[in-house]
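Reader: Please take one part of this model and go through it closely. I would like the strands first and then the packing of nonpolar side chains.

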Amino acid sequence: MPPEEKKQKKLAVLISASKDAYRKGLAEALNLNRTRILAFRNKPPPLHHYSSPPPPLHQQPRRRRHIPLSCRKELDAPGILDDFCLNLLDWGSHNVLAIALGHTLYLWDASTASVSELVTIEEAKGPITSIIWSPDASYLALGLNNSQVQLWDSSSNTKIKTFRGLHHSGVGSLAWNNNILTTGGMDGKIVNSDVRIRPVV
């Protein structure tokens, strides 16, 4: 037999031996040599009998919510109108409550329990129909029944701007988005106004 054929036969024998070894290793790894896949050799451990199941570790006992039976603070409301839409409240982030009662806007400071009057609107312009604090609670926007919107600085009690001609009737809703004041009028219009424009007092 020529030496080249001997080499090829030797190589074929080595390849077939390595293939057999690979198949045996694979069969052992996948448990293909066993006749049964599931075999119960040992009995399962006995169950412990408890009088009541133990509480789960991750759950804590629920606390009952306390509902007060009396009010925490009672505020006087002079000039309150017989119209729930015109008696308005809005909390500022600096713990000051703005209260619009008819033509007058009051500020109640919760930390000192003091009440101050910010502004009283003229009879022809009022009553105040909507109020809202700016996001940083430094300004207070008022919507009036005569379609005007006023912007007030609460720290100095001064009017900064008056927006006229936005609506044809009372301003029923206000909302802030950064420097944009959105007003919703009872005429059905929604207007966005940038408060950084030149004052029109």
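Author: Two strands count as paired if DSSP finds at least two bridges between them, and a strand is a DSSP run of E with at least two residues, numbered from the N terminus. The model is predicted, so local features need pLDDT of at least 70, side-chain atom pairs count only at pLDDT 80 or more, and totals for chains, interfaces and linings use all residues. Residues are numbered from 1 along each chain as its sequence is written, and side-chain values use heavy atoms, without hydrogens and water.

I180 stands opposite D194 in β11. Strand β10 (residues 180–185) pairs with β11 in the antiparallel sense over five bridges. Both belong to an open sheet of three strands in the order β9-β10-β11, with antiparallel pairing. At its edges lie β9 (171–177) and β11 (190–194), each of which pairs on one side only.

Turning to the packing, the largest nonpolar core (buried Ala, Val, Leu, Ile, Met, Phe, Trp, Tyr and Cys residues joined through side-chain atoms within 4.5 Å; buried is under 20% relative accessible area, exposed over 50%, partly exposed in between, with a 1.4 Å probe and protein chains only) has 16 residues, of which L105, L140 and L142 touch the most other members. At least two residues of this core come from each of β2 (96–101), β3 (104–109), β4 (114–120), β5 (128–133) and β6 (139–144). A second, separate core of 12 residues includes F163, W176, L181 and V191.

I160 has its place in strand β8 (residues 158–163). With a relative accessible area of 24%, I160 is partly exposed.

Terms used: Helices (H or I, at least four residues) and strands (E, at least two) are DSSP runs, numbered from the N terminus.
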